[in-house]
Amino acid sequence: MASVGLLFVGAVLFINGVMLLGWVDAKSAAPMNFFVGGLQIITPTYLIFTVNGDADVILAASGLYLFSFTYLYVALNLTLNLDGTGLGYFCLFVFISALVFSWLNFTRFADPGFGVIWLYWAFLWLLFFLLLGLKQEQLGRYTGAVCAIQGWVTGWLPALLLLTGAYDALTGTLAVVLAVFGVVVFGALFPLLGRRRSGGAVAASDPAVPA
(Lines give C-alpha, C1' and ligand atoms only; values in the text may rest on other atoms or scores of the structure.)
Protein backbone atom coordinates (compact mmCIF):
# COMPACT_ATOMS: atom_id res chain seq x y z
CA MET A 1 0.00 0.00 0.00
CA ALA A 2 2.82 2.40 0.87
CA SER A 3 4.41 1.61 -2.50
CA VAL A 4 1.29 2.80 -4.31
CA GLY A 5 1.37 6.02 -2.30
CA LEU A 6 5.04 6.48 -3.19
CA LEU A 7 4.21 6.22 -6.89
CA PHE A 8 1.86 9.19 -6.60
CA VAL A 9 4.31 11.11 -4.43
CA GLY A 10 6.48 10.99 -7.54
CA ALA A 11 3.63 12.48 -9.55
CA VAL A 12 2.97 15.37 -7.17
CA LEU A 13 6.66 16.21 -6.83
CA PHE A 14 6.94 16.34 -10.61
CA ILE A 15 3.84 18.56 -10.91
CA ASN A 16 5.03 20.91 -8.17
CA GLY A 17 8.49 21.05 -9.69
CA VAL A 18 7.27 22.08 -13.11
CA MET A 19 4.95 24.58 -11.39
CA LEU A 20 7.99 26.20 -9.78
CA LEU A 21 9.67 26.26 -13.18
CA GLY A 22 6.69 28.18 -14.51
CA TRP A 23 5.46 25.45 -16.86
CA VAL A 24 2.20 24.80 -14.98
CA ASP A 25 -0.25 27.36 -13.58
CA ALA A 26 -0.12 27.37 -9.78
CA LYS A 27 -3.82 26.85 -9.09
CA SER A 28 -3.95 23.95 -11.54
CA ALA A 29 -1.44 22.11 -9.33
CA ALA A 30 -3.68 22.32 -6.24
CA PRO A 31 -5.93 19.30 -7.02
CA MET A 32 -2.99 16.89 -7.27
CA ASN A 33 -1.70 18.13 -3.93
CA PHE A 34 -5.12 17.52 -2.37
CA PHE A 35 -5.31 14.04 -3.93
CA VAL A 36 -1.86 12.90 -2.85
CA GLY A 37 -2.03 14.65 0.52
CA GLY A 38 -5.24 12.78 1.27
CA LEU A 39 -3.81 9.47 0.06
CA GLN A 40 -0.72 9.95 2.22
CA ILE A 41 -2.93 10.37 5.27
CA ILE A 42 -5.02 7.27 4.54
CA THR A 43 -1.99 5.06 3.85
CA PRO A 44 0.00 5.49 7.11
CA THR A 45 -3.19 5.57 9.19
CA TYR A 46 -4.26 2.22 7.72
CA LEU A 47 -0.78 0.76 8.28
CA ILE A 48 -0.61 1.95 11.88
CA PHE A 49 -4.02 0.53 12.76
CA THR A 50 -3.42 -2.87 11.12
CA VAL A 51 0.10 -3.87 12.23
CA ASN A 52 -0.80 -4.99 15.76
CA GLY A 53 1.63 -2.62 17.42
CA ASP A 54 4.71 -3.45 15.31
CA ALA A 55 7.03 -0.62 16.37
CA ASP A 56 9.14 -0.62 13.21
CA VAL A 57 6.13 -0.44 10.87
CA ILE A 58 4.60 2.36 12.95
CA LEU A 59 7.91 4.23 12.94
CA ALA A 60 8.26 3.93 9.17
CA ALA A 61 4.62 4.89 8.56
CA SER A 62 4.88 7.96 10.77
CA GLY A 63 7.27 9.58 8.29
CA LEU A 64 4.59 9.56 5.59
CA TYR A 65 2.61 12.21 7.47
CA LEU A 66 5.46 14.66 6.90
CA PHE A 67 4.63 14.56 3.20
CA SER A 68 0.84 14.41 3.45
CA PHE A 69 0.77 17.54 5.57
CA THR A 70 3.18 19.28 3.19
CA TYR A 71 1.00 18.56 0.15
CA LEU A 72 -2.22 19.56 1.90
CA TYR A 73 -0.53 22.74 3.15
CA VAL A 74 0.57 23.47 -0.43
CA ALA A 75 -2.94 22.84 -1.76
CA LEU A 76 -4.48 25.22 0.77
CA ASN A 77 -1.84 27.89 0.05
CA LEU A 78 -2.54 27.69 -3.65
CA THR A 79 -6.32 27.61 -3.25
CA LEU A 80 -6.57 30.39 -0.65
CA ASN A 81 -3.69 32.52 -1.99
CA LEU A 82 -1.83 32.38 1.34
CA ASP A 83 1.68 33.57 2.11
CA GLY A 84 4.20 30.71 2.01
CA THR A 85 6.16 31.56 5.18
CA GLY A 86 4.32 29.15 7.46
CA LEU A 87 4.78 26.33 4.98
CA GLY A 88 8.45 27.25 4.71
CA TYR A 89 9.04 26.82 8.43
CA PHE A 90 7.09 23.56 8.42
CA CYS A 91 9.53 22.44 5.72
CA LEU A 92 12.38 23.16 8.15
CA PHE A 93 10.73 20.71 10.56
CA VAL A 94 10.46 18.15 7.74
CA PHE A 95 14.11 18.69 6.75
CA ILE A 96 15.35 17.87 10.26
CA SER A 97 12.99 14.91 10.57
CA ALA A 98 14.10 13.56 7.17
CA LEU A 99 17.71 13.47 8.36
CA VAL A 100 16.62 11.32 11.30
CA PHE A 101 14.63 8.97 9.03
CA SER A 102 17.64 8.69 6.73
CA TRP A 103 19.82 7.62 9.64
CA LEU A 104 17.17 5.12 10.77
CA ASN A 105 17.04 3.57 7.29
CA PHE A 106 20.81 3.15 7.21
CA THR A 107 20.94 1.68 10.73
CA ARG A 108 17.72 0.28 12.18
CA PHE A 109 16.08 -0.80 8.90
CA ALA A 110 19.30 -1.77 7.02
CA ASP A 111 17.90 -0.12 3.88
CA PRO A 112 20.60 2.00 2.19
CA GLY A 113 18.37 2.74 -0.78
CA PHE A 114 15.84 4.63 1.29
CA GLY A 115 18.65 5.99 3.46
CA VAL A 116 19.81 7.93 0.40
CA ILE A 117 16.26 8.71 -0.73
CA TRP A 118 15.52 10.32 2.64
CA LEU A 119 18.68 12.43 2.18
CA TYR A 120 17.27 13.53 -1.18
CA TRP A 121 14.05 14.56 0.53
CA ALA A 122 15.95 16.35 3.30
CA PHE A 123 17.79 18.39 0.67
CA LEU A 124 14.57 19.22 -1.19
CA TRP A 125 12.69 20.29 1.93
CA LEU A 126 15.70 22.40 2.97
CA LEU A 127 15.38 24.18 -0.38
CA PHE A 128 11.66 24.73 0.30
CA PHE A 129 12.56 26.27 3.66
CA LEU A 130 15.13 28.58 2.10
CA LEU A 131 12.76 29.57 -0.69
CA LEU A 132 9.59 30.05 1.34
CA GLY A 133 10.66 30.56 4.94
CA LEU A 134 13.72 32.73 4.30
CA LYS A 135 12.50 34.21 0.99
CA GLN A 136 15.56 33.22 -1.01
CA GLU A 137 13.80 34.05 -4.27
CA GLN A 138 16.72 33.17 -6.52
CA LEU A 139 16.28 29.50 -5.60
CA GLY A 140 12.84 29.22 -7.18
CA ARG A 141 13.80 27.68 -10.53
CA TYR A 142 16.57 25.54 -9.04
CA THR A 143 14.17 24.18 -6.42
CA GLY A 144 11.66 23.46 -9.17
CA ALA A 145 14.19 21.49 -11.19
CA VAL A 146 15.32 19.49 -8.14
CA CYS A 147 11.70 18.81 -7.18
CA ALA A 148 10.71 17.63 -10.67
CA ILE A 149 13.72 15.32 -10.94
CA GLN A 150 13.13 13.91 -7.48
CA GLY A 151 9.59 13.03 -8.49
CA TRP A 152 11.06 10.46 -10.86
CA VAL A 153 14.09 9.19 -8.92
CA THR A 154 12.68 9.14 -5.36
CA GLY A 155 9.04 8.37 -6.14
CA TRP A 156 8.37 6.74 -9.49
CA LEU A 157 11.53 4.60 -9.71
CA PRO A 158 11.61 3.07 -6.19
CA ALA A 159 7.84 2.61 -6.26
CA LEU A 160 8.07 0.53 -9.43
CA LEU A 161 10.95 -1.48 -7.96
CA LEU A 162 8.89 -2.18 -4.84
CA LEU A 163 5.72 -3.01 -6.75
CA THR A 164 7.55 -5.44 -9.04
CA GLY A 165 9.46 -7.11 -6.18
CA ALA A 166 12.87 -6.02 -7.46
CA TYR A 167 13.73 -3.49 -4.75
CA ASP A 168 15.32 -5.73 -2.10
CA ALA A 169 17.90 -7.13 -4.52
CA LEU A 170 18.83 -3.67 -5.78
CA THR A 171 18.76 -1.49 -2.66
CA GLY A 172 22.57 -1.29 -2.35
CA THR A 173 23.05 -0.52 -6.04
CA LEU A 174 20.23 2.03 -5.95
CA ALA A 175 21.86 3.80 -2.99
CA VAL A 176 25.18 4.17 -4.82
CA VAL A 177 23.62 5.25 -8.12
CA LEU A 178 21.34 7.82 -6.47
CA ALA A 179 24.16 9.22 -4.33
CA VAL A 180 26.36 9.80 -7.38
CA PHE A 181 23.46 11.05 -9.50
CA GLY A 182 22.35 13.55 -6.86
CA VAL A 183 25.78 15.07 -6.32
CA VAL A 184 26.51 15.35 -10.05
CA VAL A 185 23.12 16.50 -11.35
CA PHE A 186 22.03 18.81 -8.55
CA GLY A 187 25.55 20.22 -8.31
CA ALA A 188 25.63 20.92 -12.05
CA LEU A 189 22.18 22.53 -12.04
CA PHE A 190 22.96 25.05 -9.32
CA PRO A 191 25.21 27.37 -11.38
CA LEU A 192 22.58 27.32 -14.12
CA LEU A 193 19.42 27.87 -12.08
CA GLY A 194 20.33 28.70 -8.48
CA ARG A 195 21.75 32.19 -8.78
CA ARG A 196 19.90 35.48 -8.77
CA ARG A 197 19.10 36.81 -12.22
CA SER A 198 19.13 40.52 -12.99
CA GLY A 199 15.63 40.24 -14.40
CA GLY A 200 14.25 39.04 -11.10
CA ALA A 201 13.15 35.66 -9.84
CA VAL A 202 9.96 34.00 -8.71
CA ALA A 203 8.81 35.69 -5.54
CA ALA A 204 9.11 33.41 -2.55
CA SER A 205 6.01 34.94 -1.02
CA ASP A 206 3.96 33.99 -4.06
CA PRO A 207 1.71 30.99 -3.32
CA ALA A 208 2.81 29.51 -6.64
CA VAL A 209 6.11 28.42 -5.15
CA PRO A 210 5.35 25.88 -2.40
CA ALA A 211 6.70 22.32 -2.51
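Start by selecting T171, which is buried, with a relative accessibility of 13%. You're looking at a predicted model, by the way. T171 sits in helix α8, the run from residue 167 to 193.

Now show what lies around that threonine. Leaving aside residues up to four places away in sequence, T171 touches D111, P112 and G113. Add G115 to the selection too: G115 and T171 are 56 residues apart along the chain, yet their C-alpha atoms are separated by 9.7 Å.

**Next stop: helix α5**

Select residues 85-106, which make up helix α5. How far apart are the end C-alpha atoms of this helix? They are 32 Å apart, and that agrees with the 32 Å that 22 residues should span at 1.5 Å a residue.

Now color the buried residues of α5: L87, G88, F90, C91, V94, F95, S97, A98, F101, S102, L104 and N105. As you step along them, keep the helix geometry in mind. An α-helix has 3.6 residues a turn, so residues three or four places apart point the same way.

What covers the buried residues of α5? Turn on α3 (55-62), α4 (64-80) and α6 (112-133), which are included in that cover.

**Then the cysteines**

Stay on α5 and pick C91, one of its buried residues. C91 has a relative accessibility of 0%. Next, select C147, which is buried as well, also with a relative accessible area of 0%.

How far is the sulfur of C91 from the closest cysteine sulfur? The partner to check is C147, and the gap is 10 Å, too far for a bond. A disulfide would need the two sulfur atoms within 2.5 Å. Going the other way, the closest cysteine sulfur to that of C147 is the one in C91. Searching the whole structure turns up zero disulfides.

**Last stop: a nonpolar patch**

Switch to a surface view and select V4, F8, F14, W152, W156, L160 and L163. Together these residues form a nonpolar patch on the surface, with about 610 Å² of accessible area. The elements giving two or more residues to the patch are α1 (2-20) and α7 (140-163). Which element gives the largest share? That would be α7, with four residues.

To finish, click on F8, a patch member in helix α1. Is F8 buried or partly exposed? F8 is partly exposed, with a relative accessible area of 38%.

Key
Residues numbered from 1 in each chain as written. Predicted model: local features only at pLDDT ≥ 70, side-chain atom pairs only at ≥ 80, totals over all residues. Heavy atoms only, no water. Buried < 20%, exposed > 50% of the residue type's maximum accessible area, 1.4 Å probe, protein only. Contact = heavy atoms within 4.5 Å. Patch = residues over 30% accessible without salt bridge, like charges linked within 9 Å, V, L, I, M, F, W, Y side chains within 5 Å. Areas by Shrake-Rupley, 256 points an atom, 1.4 Å probe, with all protein chains shown as cover. Salt bridge = Lys/Arg side-chain N within 4 Å of Asp/Glu carboxyl O. Expected span 1.5 Å × (residues − 1).
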